[in-house]
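Trainee: Please walk me through this structure, and make me reason my way to each answer.

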Amino acid sequence: MLLEQTLKKNIQKIDENIQTACELSNRDVESVQLICVSKSVDNDSTKQVVDQGITHLAENRMEKLLEKKEFFKDNPTITWHFIGNLQRRKVKLIINEIDYFHALDNVKLASEIDKRAEKKIKCFIQVNVSGEESKQGVTPDALEEFIDSLSVFENIVIVGLMTMAPYDANSEELHHIFSELNRLKKVSEDKNLAYAPCHELSMGMSRDYCVAISEGATFVRVGSSFFDEEEKEVGNS
């Protein structure tokens, strides 16, 4: 378990970084939602984060999210984000337990979510802006057609777009990737689609969330900066 004082210091540093990034971009700090990616820590360590006032939690594995949601069953303030790839056969087990899904990237998955959902599910479309073969997501060129294809699903609301930058991207590359996702978001937003308002941008992890904020991120997925860990490529944190 992380020492309480260390966690407080880490959260304070993250908050300061977000504040500075917003000031430099002439943005209101309230326009950025910090998500703690708690996938690498146990329930007790996650509780320490929640006790510090962080109420948006993200997991990338179904079993871990369900375990933690059960642990926090008496805490109604937590907003749950699923940021991992979701297999269609597991949709029925998880989709009604989350508030946001950050990795929608194909029609078959959308169809399964729509069939199993008991409420409207807030989804981000994952866009592979960098073009990396190791990354999932729709291509920028296919985004418009993909959004159009989702109009038949009553239980899916496309709240925005999500992307991940390459682990070794330099500052110039990061700005390009994040600004391109923002451009795509604005194009989608301008269509004024009721099922795809597309006002949000989920981008930025521990290593690059300040750059992401400067390019318009409204949700940042931060993990290792909370817990003094070395950031890994896998897991959207």
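**Helices, strands and a few odd residues**

Mentor: Let's start just past α1: the helix is followed by N26, whose phi is positive, near 55 degrees. Keep in mind that this is a predicted model.

Trainee: Where does N26 lie, and is N26 buried or exposed?
Mentor: N26 isn't a glycine, yet its phi is positive. For its place, look to the loop between α1 and β1. The cut-off for exposed is over 50% relative accessible area. N26 comes out at 74%, so the call is exposed.

Trainee: What about C198, then: where is C198, and what is its relative accessible area?
Mentor: Here too we have a positive phi, about 55 degrees, in a residue that is not a glycine. C198 sits in the loop between α7 and β7. Buried means under 20%, and C198 makes that cut with a relative accessible area of 0%.

Trainee: Back to α1: how far apart should the ends of its 21 residues be?
Mentor: The helix runs over residues 4-24, and you allow 1.5 Å a residue. The end C-alpha atoms of the model agree with the expected span, and that span is 30 Å.

Trainee: Which residues of α1 are buried, and what arc do they cover around the axis?
Mentor: The buried set is L7, N10, I11, I14, I18, A21 and C22. Because their arc is so narrow, they end up on the same side of α1. That fits how helices work: with 3.6 residues a turn, residues three or four places apart point the same way. The arc for this set is only 105 degrees.

Trainee: Which elements does that buried side pack against, and which exposed residues are on the face turned away?
Mentor: The buried residues of α1 pack against β1, α2, α8, β8 and α9. Turn to the face pointing away from them and you'll find the exposed residues Q5, K9 and L24.

Trainee: How do β1 and β8 pair, and which residue of β8 does Q33 stand opposite?
Mentor: The two strands pair in the parallel sense, over four bridges. In β8, R221 points one way together with the residue you're after, while V220 and V222 point the other way, and all are buried. The one opposite Q33 is F219.

Trainee: Why is β6 called largely enclosed, and how many bridges join β5 to β6?
Mentor: Seven of the seven residues of β6 (156-162) are buried, so the rest of the structure largely encloses this strand. The chain gets there from β5 through α6 in a right-handed β-α-β crossover. β5 and β6 run parallel, and Q126 has M162 as its bridge partner. The number of bridges joining them is six.

Trainee: On the way from β6 to β7, which helix does the chain cross through?
Mentor: β6 and β7 run parallel too, joined by three bridges. M162 turns up again here, with S202 as its bridge partner in β7. The crossover is right-handed, and its helix, residues 171-189, is α7.

Trainee: Last one: is E112 buried or exposed, and which residue's side chain does it join in a polar contact?
Mentor: E112 belongs to helix α5, residues 107-116. At 14% relative accessibility, E112 counts as buried. Leaving aside neighbours within four places in sequence, its contacts are R88 and V91. Its side-chain polar contact, at 2.9 Å, is with R116.

How values were computed. Residues numbered from 1 in each chain as written. Predicted model: local features only at pLDDT ≥ 70, side-chain atom pairs only at ≥ 80, totals over all residues. Heavy atoms only, no water. Expected span 1.5 Å × (residues − 1). Buried < 20%, exposed > 50% of the residue type's maximum accessible area, 1.4 Å probe, protein only. Arc of directions from axis to C-beta. Contact = heavy atoms within 4.5 Å. Pairing = 2+ DSSP bridges. Polar contact = N/O pair within 3.5 Å; in protein donor to acceptor, adjacent residues only side chain to side chain. Right-handed = clockwise from strand over helix to strand, strands pointing away.
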